[in-house]
Amino acid sequence: MSTQAPERHEFQAEVKQVLDIVVHSLYTDKEIFVRELVSNASDATEKLRHTQITEKEIFDAELELEIQISFDAEAGTITIRDFGIGMSREELVENLGTIAHSGSKAFLNALKEGGGKNENLIGQFGVGFYSVFMVADRVEVFTRSWKSDGESLRWSSDGSGAYEIESAEGERRGTRIVIHLKEEFKEFADKSRLETIVKNYSAFVQFPVKIDGQPVNTVQAIWLTNKSDVTEEEYKEFYKFQAKAFDDPRFWLHFSADAPISIHSLLYAPTENMEGFGFGRMEPGVSLYCRKVLIDSDPKNLLPDWLRFVRGVVDSADLPLNISRESMQDSTLVQKLNKVLTKRFLKLLEEKANKEPEVYADFWSKFGIFLKEGVTTDFTHRDQLLKLLRYESSYTADKENTSLADYLSRAPEGQKEIYYLSGPNRQAIESGPYLEAFKARNIEVLFLLEPIDEFVMNHARSFEEKNFVSADNDAIDLDAIAPDTETEKPEALEDSVCSELCTFLKEQLGDGVEEVSASDRLVGSPAMIVNADKAMTAQMRKMMRAMQQQGGIEDKEPPVKLQINPRHPLIKNLASLRQNDSELAQLISSQILDNARMAAGLLEDPTTMLQRNYGILEKLSERS
Ligand code: ADP
Ligand code: MG
């Protein structure tokens with residue numbers, strides 16, 4: 001054993017930031033430091049249990065796998081000890097000196113992205129190991145790695161800017177954390193206090209947790225227990241424990257199967273969508289066990305990517321225990337599990353949608369985006385996913401949704417397609433030019449309000465053999481579906497005048513238009529662009545740019561097909577204006593095109609349009 005002087009290390013800047021917040025502001029719940037340290041002890045012990053299976057030589061192999069908590073009320077210390085994998089010198093630096101691990105990283109991201117807004121959320125967020133500095137003015141971590149060439153080490157810090165690492169003497173395998181409580185928190189060094197905290201937060205730890213030698217938890221693998229023996233409360237608590245979540249689960253699926261593969265699983269849908277809060281992309285969170293032994297806490301291929309919001313546990317006795325994580329992720333067994341689990345989870349969602357529509361509607365409002373992602377990326381499950389899609393439509397009330405099946409059940413006999421319009425919000429679509437003709441014929445149109453929806457339609461193509469078609473498509477023969485109910489229509493321009501006006505517009509608008517024609521589909525709007533869905537919408541262009549796929553996205557927008565409404569006063573006036581004031585007529589023509597492009601979501605940069613608009617206003621104001 002060397003007797004070198006302690007090595008001094010500065011905490012990484014991010015750690016200092018976290019420490020500062022943890023110590024000075026966030027938590028009112030100081031006691032959660034126990035939960036965090038016990039959870040780390042449990043993680044380290046789970047890892048050891050797995051290592052025991054894959055490695056031959058393990059230091060201190062005969063040690064019991066349990067977590068021991070002891071305290072000294074007089075000295076004001078608490079010691080939390082595990083016999084898990086322990087840490088090497090490098091691991092101490094990496095794990096306790098930098099932020100490379102999940103909990104604290106998510107916390108930092110949340111701080112960066114959500115700022116003060118998310119304070120409530122952040123307050124509930126696990127910041128892991130560092131939470132101990134809320135209550136401690138000094139923390140010592142004694143540790144010995146499972147590796148046979150490991151050394152006994154002592155890490156210590158007061159949680160300000162730096163920590164020290166030095167050699168220690170005679171540590172058993174695992175980690176022993178000695179917490180020197182601040183004067184005002186010495187109350188935690190108390191048996192019943194600690195017992196209550198452990199029972200509250202750590203009831204589901206898969207190893208005995210002992211305080212002063214007495215077990216305080218009942219180790220139970222709830223996913224292997226009979227459904228009838230688990231209470232609702234236990235399900236909820238297990239979710240919080242397993243997912244390290246602060247919310248309640250909204251619903252769960254506890255199921256077992258023997259064929260085609262042995263499965264015991266408990267899958268949860270959370271209440272909150274953390275991605276929706278700007279916490280960054282979620283990592284998968286369903287842990288894989290084999291007969292209660294944790295194989296991998298967040299395997300990548302256990303569920304499809306679009307189900308990454310699901311939390312829970314899957315236990316399969318068919319898994320070979322001694323498999324490495326890497327080869328396990330790609331194994332056919334995991335693929336089989338994936339298939340069964342996805343199918344069952346989708347079935348659960350379908351059941352919710354049918355039997356508890358309000359529960360499903362609320363789920364959809366938070367997690368629908370994941371299912372949409374599924375439609376665009378997962379061909380295998382597309383048909384099942386399509387049944388789960390919900391959209392607002394011209395038939396639903398504001399914020400109410402319809403399923404595609406319900407949409408079709410209302411469609412007139414002659415309707416062979418599913419129509420949709422996309423826009424930034426319901427109002428924009430309702431006041432735009434495209435809905436008019438459909439409204440006049442009582443044909444329902446789905447409202448797509450999220451940028452991803454256009455991708456969804458493009459990928460899905462059809463539902464029950466009815467193609468998805470954008471309602472701005474000029475090939476739609478509306479009269480063949482249902483008659484126009486609009487009875488009193490204003491007089492239209494004479495055909496010859498109208499076609500002259502179209503020619504004039506085509507000339508004026510030059511490269512901007514491919515074609516200008518008259519249309520009787522318009523009711524209250526002067527003009528519209530048809531087939532805009534073939535062009536890339538401004539939203540899509542922005543998204544593509546954001547995704548840095550500039551290649552192929554031309555800056556110049558392609559020419560469009562413009563249709564004008566020969567019954568609209570503006571169009572009628574324009575026909576005569578072009579004889580009398582060609583300059584103003586020209587400005588108005590260009591403005592009509594830009595307005596139509598705007599309504600179609602094609603106008604990316606409004607600068608020119610605004611300038612021109614002022615020009616028109618100026619001209620009009622001169623007249624009075
Ligand atoms: P997280 O648990 O989310 O990874 P923590 O801040 O709680 O973050 O812990 C940081 C890291 O320190 C852990 O990922 C683990 O590698 C290491 N660690 C903490 N406690 C222990 C322990 N008792 N035994 C072994 N390693 C530990
Ligand atoms: Mg932790």
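Which residues line the largest cavity? In this predicted model, a search of the whole structure finds 1 cavity of 30 Å³ or more. The volume of the largest cavity is about 90 Å³. Its lining is made up of Pro284, Gly285, Val286, Pro299, Lys300, Leu302, Leu303, Pro304, Asp305, Leu307, Arg308 and Val310. Sorted by character, the lining has 8 nonpolar residues, 1 polar residue and 3 charged residues. Rolling a probe the size of a water molecule over the atoms is what shows where empty space is left.

The next stop is strand 3, which covers residues 77-82. Of its 6 residues, 5 are buried, and the strand is mostly covered. Strands of a sheet pair through backbone hydrogen bonds, in either a parallel or an antiparallel way. Strand 2, residues 67-72, is joined to strand 3 by 6 bridges, and the two run antiparallel. One example of this pairing is Ile69, whose bridge partner in strand 3 is Ile80. Strand 2 and strand 3 together form a hairpin, with 4 residues between them. In the turn, Gly76 has a positive phi of about 70 degrees.

Strand 3 also pairs with strand 7, residues 174-181. Here too 6 bridges join the strands, which run antiparallel. Within this pairing, Asp82 stands opposite Thr175 of strand 7.

After strand 7 comes a loop that leads to helix 6 (191-201), and Ala189 lies in that loop. Is Ala189 buried or exposed? Ala189 is buried, because its relative accessible area is 4%, and buried means under 20%. Leaving aside residues up to four places away in sequence, Ala189 touches Phe71, Asp72, Ala73, Gly76, Thr77, Ile78 and Leu181. Gly76, named above for its place in the hairpin turn, is thus one of the residues that Ala189 touches. Ala189 and Ile78 are 111 residues apart in sequence, yet their C-alpha atoms are 6.0 Å apart in space.

Another sheet is built from 6 strands in the order 16-15-18-17-20-19. This sheet is open, and its pairing is mixed. Strand 16 (402-403) and strand 19 (462-463) each have a single partner strand, so they stand at the edges and one side of each is left without a neighbour in the sheet. For strand 16, 2 bridges make the link to strand 15, residues 390-393, and these two strands run antiparallel. In this link, Arg390 has Ser403 of strand 16 as its bridge partner.

Definitions and conventions: Residues are numbered from 1 along each chain as its sequence is written. Chains are lettered from A and ligands numbered from 1 in the order in which they are written. This is a predicted model: local features need pLDDT of at least 70, side-chain atom pairs count only at pLDDT 80 or more; totals for chains, interfaces and linings use all residues. Side-chain values use heavy atoms; hydrogens and water are left out. Buried means under 20% relative accessible area, exposed over 50%, partly exposed in between (1.4 Å probe, protein chains only). Two strands pair if DSSP finds at least two bridges between them. On a 1 Å grid over the protein atoms alone, a cavity is a set of points where a 1.4 Å probe fits but cannot get out, and a pocket is an open set with protein on both sides within 12 Å along at least five of seven lines; lining residues have an atom within 4 Å of a point. Grid points are joined across faces, edges and corners, and a volume is the space filled by probe spheres set on the points. Ala, Val, Leu, Ile, Met, Phe, Trp, Tyr, Cys and Pro count as nonpolar, Asp, Glu, Lys and Arg as charged, and the others, Gly among them, as polar. Contact means heavy atoms within 4.5 Å.
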